[in-house]
Amino acid sequence: MKSFFSWLWTGFGTGMTAFRGIGMALAVALGGIWLLYVIIRAIVHMFDKNTTVDA
């Protein structure tokens, strides 16, 4: 995964400024989506842990 973000950060391997900007924006957006996923998963896990089923 680190190599994928490095590839995005270097502008899809080209090093050109315009492509670096696009790659950086995509890397930051993917990081934000991942962070949102982790937060939502933690909230769902917190509520699932509080519910108990009496058998």
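# Overview

Residues are called buried under 20% relative accessible area, exposed over 50% and partly exposed in between (1.4 Å probe, protein chains only). With that in hand, welcome to this protein, in which buried residues make up 7% of the 55 residues.

The model is predicted, so to speak of local features takes pLDDT of at least 70 and side-chain atom pairs count only at pLDDT 80 or more, while totals for chains, interfaces and linings use all residues. Residues are numbered from 1 along each chain as its sequence is written, and side-chain values use heavy atoms, without hydrogens and water.

# Two helices

The secondary structure comes to 2 helices and 0 strands (DSSP runs numbered from the N terminus: helices are H or I of at least four residues, strands E of at least two). Helix α1 covers 2-9, and a loop lies between α1 and α2. Helix α2 spans residues 17-50, with Leu35 among its members. Leu35 is partly exposed, its relative accessible area being 46%.

# Where the helices meet

Ala27 is a good place to begin looking: this residue belongs to helix α2 and counts as buried, at 8% relative accessibility. Once neighbours within four places in sequence are left aside, Ala27 is in contact (heavy atoms within 4.5 Å) with Phe5, Leu8 and Trp9. For Trp9, the chain separation from Ala27 is 18 residues, yet their C-alpha atoms are separated by 7.0 Å.

Val28 also sits in helix α2. Val28 is exposed, since its relative accessible area is 56%. Its C-alpha atom is 9.4 Å from that of Phe5, and the two residues are 23 residues apart along the chain.

Another pair to find is Ser6 and Gly23, which are 17 residues apart in sequence and 9.2 Å apart in space, C-alpha to C-alpha. Ser6 lies in helix α1 and is partly exposed, because its relative accessibility is 35%.

# The aromatic rings

Now turn to the rings. The whole structure holds 4 aromatic pairs (rings of Phe, Tyr and Trp, using its six-membered ring, with centres within 6.5 Å; planes under 30 degrees apart are stacked, over 60 edge-to-face, the rest tilted). One of these is formed by Trp7 and Phe12, in an edge-to-face arrangement with 5.2 Å centre to centre and 75° between the planes. Both partners are within reach of the surface in part: Trp7 is partly exposed because its relative accessibility is 41%, and Phe12 is partly exposed too, at 26%.

A wider view shows Trp7 and Phe12 joined with Phe4, Phe5 and Phe19 in one aromatic cluster. Phe5 will be familiar as one of the contacts of Ala27.

# A closer look at Phe12

Where does Phe12 sit along the chain? Phe12 is found in the loop between α1 and α2. Its backbone deserves a glance as well: what is the sign of phi at Phe12? The angle is positive, about 60°, although Phe12 is not a glycine. Most residues other than glycine have a negative phi. To sum up this residue, Phe12 combines a loop position with a positive phi, and its ring pairs edge-to-face with Trp7.
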